[in-house]
Amino acid sequence: MDPRKFLRLAALGLDEVVLNSNWAWMCTMCQRCVYACPMKIDIPQLVFNVRNRWPKDQQPKGIRGSCEMAFKHETCSAMGASEEDFQFVVEDVLEEYREAQPEFAQMQAPLDKEGAEFFLNQNSREPVTEPDEMVPLWKILHLVGADWTYGTKGWAAENYCLFCADLENWEKNVRIKAKVVDQLKSRVWLNTE
Ligand code: SF4
């Protein structure tokens with residue numbers, strides 16, 4: 001299977017083949033095929049529509065589970081990390097770097113700072129498995145003097161419900177984060193995903 005075959009099957013009316021092929025779950029929705037297509041057909045939108053037709057309990061467990069896990073806490077973390085988990089890791093890593101690198105002794109990683117210019121999301125993978133990976137961006141924000149904050153709620157950047165074509169939960173995930181941005185009165189929402 002490839003995007004051209006997928007389209008050809010759809011054009012030939014072979015809906016059952018299209019709907020039952022696992023191929024729809026291989027697409028990353030990168031949109032490169034749209035760029036290459038002389039007719040500019042929105043193939044990832046077709047893929048999205050096919051995924052939307054799949055019963056939830058038959059969707060790939062990793063993607064479906066990550067979509068649902070995001071609602072375990074109000075953090076939106078697909079890895080199930082809580083508000084307390086995130087706060088602990090951020091504060092712990094910040095302290096470690098401030099001590100180890102005196103040139104960054106004044107570096108901040110604010111949580112729930114009201115009125116900050118930027119509200120920053122963070123992919124859960126970093127605080128959960130690679131906490132040091134958060135630091136380069138903190139350093140950049142520090143060096144440019146950016147006024148930013150994380151939220152203890154709504155901090156997780158990822159949203160796997162998009163990849164399940166689960167419109168209801170996709171929106172629910174976005175609205176949880178947007179509510180925190182509004183509550184903290186940040187002007188710009190930065191989502192790194
Ligand atoms: S969106 Fe990307 S991954 Fe999906 S079919 Fe097009 S080129 Fe392939």
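Q: By class, how many nonpolar, polar and charged residues does the shell around the ligand have?
A: The model is predicted: local features need pLDDT of at least 70, side-chain atom pairs count only at pLDDT 80 or more, and totals for chains, interfaces and linings use all residues. Residues are numbered from 1 along each chain as its sequence is written. Ala, Val, Leu, Ile, Met, Phe, Trp, Tyr, Cys and Pro count as nonpolar, Asp, Glu, Lys and Arg as charged, and the others, Gly among them, as polar. By these classes, the shell has eight nonpolar, two polar and one charged residues.

Q: Which element gives the largest share of the shell around the ligand?
A: A residue belongs to this shell if its C-beta atom, placed from the backbone, lies within 6 Å of the ligand; among them are Pro3, Cys27, Ile43, Pro44 and Val47. Helices (H or I, at least four residues) and strands (E, at least two) are DSSP runs, numbered from the N terminus. Two or more shell residues come from each of helix H3 (32-36) and helix H4 (43-53). The largest share, three residues, is given by H4.

Q: What is the order of the strands in the open sheet?
A: Strands pair if DSSP finds at least two bridges between them. Strand S1 (residues 118-120) is joined to S3 by three bridges, and the two run parallel. Strand S2 (148-149) and strand S3 (188-190) are the edge strands, each pairing on one side only. The order is therefore S2-S1-S3.

Q: Which residue in S3 is the bridge partner of Leu120?
A: S1 and S3 run parallel and are joined by three bridges. In S3, the partner of Leu120 is Leu190.
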